[in-house]
Amino acid sequence: MAQQERAIRTRLAVVEAAARVFAEHGYVAAKVTDILRIAGVTKGALYFHFDSKEALARGVLEEQTSYRPPVQEVKLQEVVDLAMSVAHRLRHDPILRAGARLSADPVGRDHYGSAWSQWVGLLTEILEEAGRRGETLSHVVPREIAELVVGAFNGVQMYAQLETDLADVEYRVSLLLKNLLPSIASPSVLLRLDLAVDRGARLVAEQREERVPASV
């Protein structure tokens, strides 16, 4: 068991180190030697988990999309929560920043894929359930809206990255949702949604507290 736990910690250390290097340099310019140095592991330990730089990039993307928003009574709130949580984590989590850069890389993504399709898939599932519950307007096609949200989010994220180094990304994503959701949500549901700028920060803090074991 101890050996398995060490392997899990090593893999996470490698993924986090790779994310830092990818986020700073991009896929093409990233060097495995830099990842080894930051992770503090041997080449053998790295290649035990990832046999190439492409595999490292895929590992970062898989880790990025492992997040799921908390279940809510109103399913459209989960759409908001996913967007706002990711926006908040972009400012603090190198894995999210690396995933965003890797997914938008027109050269690298041909080798390792992109997280966009996974985000679209998750949002489509949530929107389909929201539709079954009568939360969305009659014209809404879940897949189309999911692709629209992912595309618009990435545009807003890139704008905030270039203009303010992500300092105002949560405000910009909140503004996006406030303007987009009236064309998606039924009026009664729209009034119930929490679109506050700090929504993502509050959710991430709550989940962090849930993971901390209570002191005896």
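In the predicted model, Arg89 is in contact with Tyr67, Leu96 and Val204, leaving aside its neighbours within four places in sequence. Arg89 is found in helix H5. With a relative accessible area of 15%, Arg89 falls under the 20% limit and is therefore buried.

The helix that carries Arg89 is mostly covered, 16 of the 18 residues of H5 being buried. From its first C-alpha to its last, H5 reaches 26 Å, close to the 26 Å expected for its 18 residues at 1.5 Å a residue. H5 also gives the most to the largest nonpolar core, to which it supplies nine residues.

That core has 65 residues, and those with the most contacts inside it are Phe22, Val60, Leu76 and Val173. The elements that give two or more residues to the core are H1 (2-29), H2 (32-39), H4 (53-64), H5 (75-92), H6 (94-103), H8 (116-132), H9 (142-164) and H10 (169-180). The surroundings of Val60 can be listed in detail. Apart from neighbours within four places in sequence, Val60 is in contact with Val15, Ala18, Ala19 and Phe22, and also with Ile95, Ala98, Gly99 and Leu102. Phe22 thus appears both among the core residues with the most contacts and among the contacts of Val60.

Two cavities of 30 Å³ or more were counted. The largest cavity holds about 230 Å³ of space. It is lined by 18 residues, of which Val86, Trp119, Val150, Phe153 and Asn154 are the closest to its centre. At least two lining residues come from each of H5, H6, H8 and H9. H5 gives the most to this lining, with five residues.

The largest pocket contains about 270 Å³ of space. Its lining consists of Ala23, Glu24, Arg97, Ala100, Arg101, Ala104, Asp105, Gln157, Met158, Gln161 and Leu162. H1, H6 and H9 each supply at least two residues of the pocket lining. Here H9 gives the most, with four residues, whereas the lining of the largest cavity takes the most from H5. Both H6 and H9 are listed among the helices that supply at least two residues to the cavity lining and among those that do so for the pocket lining.

Salt bridges number 15 in the structure. One of them joins Arg11 to Glu62, with the closest N and O atoms 4.0 Å apart. This pair links distant parts of the chain, since Arg11 lies in helix H1 and Glu62 in helix H4, 51 residues apart. Both partners are partly exposed: Arg11 has a relative accessible area of 29%, and Glu62 has a relative accessibility of 48%. H4, the helix of Glu62, is also one of the elements that give two or more residues to the largest nonpolar core.

A second salt bridge is formed by the side chains of Arg37 and Asp34, at 3.6 Å from N to O. Because Arg37 and Asp34 are three residues apart in helix H2, about one helical turn separates them. Arg37 is exposed at 59% relative accessibility, while Asp34 is partly exposed at 22%.

The side chains of Asp168 and Arg172 likewise meet in a salt bridge, with an N to O distance of 2.7 Å. In this pair, Asp168 is buried at 17% relative accessibility, and Arg172 is partly exposed at 25%. The relative accessibility of Asp168 is under 20%, so this acidic residue counts as buried. Beyond these pairs, Asp81, Asp194, Asp198, Arg199 and Arg202 are linked in a network of salt bridges.

The loop between H8 and H9 contains Gly134. Gly134 is partly exposed, its relative accessibility being 45%. Between Gly134 and Ser85 the C-alpha to C-alpha distance is 25 Å, and the two residues are 49 residues apart in sequence. The helices on either side of this loop, H8 and H9, each supply at least two residues of the lining of the largest cavity and are listed among the contributors to the largest nonpolar core.

Key
Residues numbered from 1 in each chain as written. Predicted model: local features only at pLDDT ≥ 70, side-chain atom pairs only at ≥ 80, totals over all residues. Heavy atoms only, no water. Core = buried A, V, L, I, M, F, W, Y, C linked by side-chain atoms within 4.5 Å. Buried < 20%, exposed > 50% of the residue type's maximum accessible area, 1.4 Å probe, protein only. Contact = heavy atoms within 4.5 Å. Expected span 1.5 Å × (residues − 1). 1 Å grid on protein atoms, 1.4 Å probe; cavity = no way out; pocket = protein on both sides within 12 Å on 5 of 7 lines; lining within 4 Å. Points joined across faces, edges and corners; volume = space filled by probe spheres on them.
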